[in-house]
Amino acid sequence: KPTSKYSEQEASDTAQQLRKTLNQWGKDYYTKDNPEVEDSVYDEKYRDLQELEAAFPSIVTPESITQRVGGAVLSGFTKVRHEIPMLSMGDVFSKDELVEFDNRIQKNVGYPVDYNVELKIDGLAISLVYENGKLVRGSTRGDGTIGEDITKNLQTITSIPQTLTKPVSIEVRGECYMPKQAFADLNKQQEERGEAVFANPRNAAAGSLRQLDTRVTKARKLDTFIYTISTFDNLQVTTQHEAIETLEELGFNTNPTQRICRNLDEVWEYIDDYQAQRDQLAYGIDGIVLKVNDLDLQGQLGHTVKVPRWEIAYKFPPEEALTVIREIEWTV
Ligand SMILES: CC(C)(C)c1nc(N2CCN(c3ncccn3)CC2)c2cc(C(N)=O)c(N)nc2n1
């Protein structure tokens, strides 16, 4: 019915119903192959919501789907200080160095520890701050202490929740990345437009997040895997593995391949598994990350100025190098 026929309460109720429907259809769109509705139906409902919100500005809510689209052209990025520094990662390139790392931990702790093993996503690190379950700020890692405020750009990424499933006040960190297919499509489009192509998905993700025009960011199909809760709002979490499960429950996108390994043999199985699957993954990885699973032990082990003593990244050889080697073999 025409918006003029609504009372404010009716408009608000209808808008809330429309938001619920659009969010559900949006989720299906990203998670299922056959979206529930045709784009035209989605667009019609979206327009209904826009009209209602235009006629009754007081009913607009920050998490309304209409508030996600780009449109803000920023003049520059303000700086953000990370209260808890975003540390770097020690990295190793061989089995022997990983054995050394494990020995160092066992010597320090006095007994063998469980590790949580995760894929090392080849994207860029971001920080997200929530107050009472609402996203209030998103920023880049920067130099680990000072990053850039890219909240507007991050709000265009559908896998980043505007509102959490619980009204907690926390800071979380993770990786923002561009899936391989989105990267290939973008470079094809760049070529058609006679614009510079991106060297790899990580550069494309970084370039897309540092856009001053949020509409460009929105068009870039970025995604995220969140892996750390930096500040706990009395969440009952005692291990890294549980932290990632809690992040999923709160509404974040997390990487499903994490695995608890009781010793290095199990870590090697994981490494062999995912080195073999690397080309099939929908996103780029450049190694795996090994973390002491127990959070109290992490605290006990602490960190040096820049690097935690309780984690190590095992790096794979760069994929490009492998491609070159294959080409040489082929031509020989
Ligand atoms: C919380 C800790 C510090 C242990 C940590 N730090 C990470 N990183 C730090 C260094 N980073 C960095 N970035 C640029 C320059 C220097 N360091 C980039 C993220 C992690 C990155 C990934 C990933 N990529 O998938 C991951 N699964 N877990 C991480 N865990």
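Here's a quick tour of one helix pair and one ligand site.

This is a predicted model, where local features need pLDDT of at least 70, side-chain atom pairs count only at pLDDT 80 or more, and totals for chains, interfaces and linings use all residues. Residues are numbered from 1 along each chain as its sequence is written, and side-chain values use heavy atoms, with hydrogens and water left out.

**Helices α3 and α9**
- Helix α3 covers residues 95–109 and helix α9 covers residues 264–277; they pack at an angle of about 140°, with axes 11 Å apart.
- That angle makes α3 oblique to α9 (neither under 35 degrees, nor over 145, nor 65 to 115).
- Lys95, Leu98, Val99 and Asp102 of α3 touch Leu264, Val267, Trp268 and Ile271 of α9 (heavy atoms within 4.5 Å).
- Sorted by class, this contact has six nonpolar, two charged and no polar residues.

**Around the ligand**
- The ligand is surrounded by 16 residues (a heavy atom within 4 Å).
- Glu118, Leu119, Ile121, Glu175 and Lys291 are the closest.
- Polar side-chain atoms sit 3.1 Å from a ligand nitrogen for Glu118 and 3.2 Å from a ligand nitrogen for Glu175.
- Leu119 instead has a backbone N or O atom 3.3 Å from a ligand oxygen.

Terms used: Axes fitted to C-alpha atoms, helices over the stretch in contact; angles between N-to-C directions. Helix = DSSP H or I, 4+ residues; strand = E, 2+ residues; numbered from the N terminus. Nonpolar A, V, L, I, M, F, W, Y, C, P; charged D, E, K, R; others polar. Polar contact = N/O pair within 3.5 Å; in protein donor to acceptor, adjacent residues only side chain to side chain.
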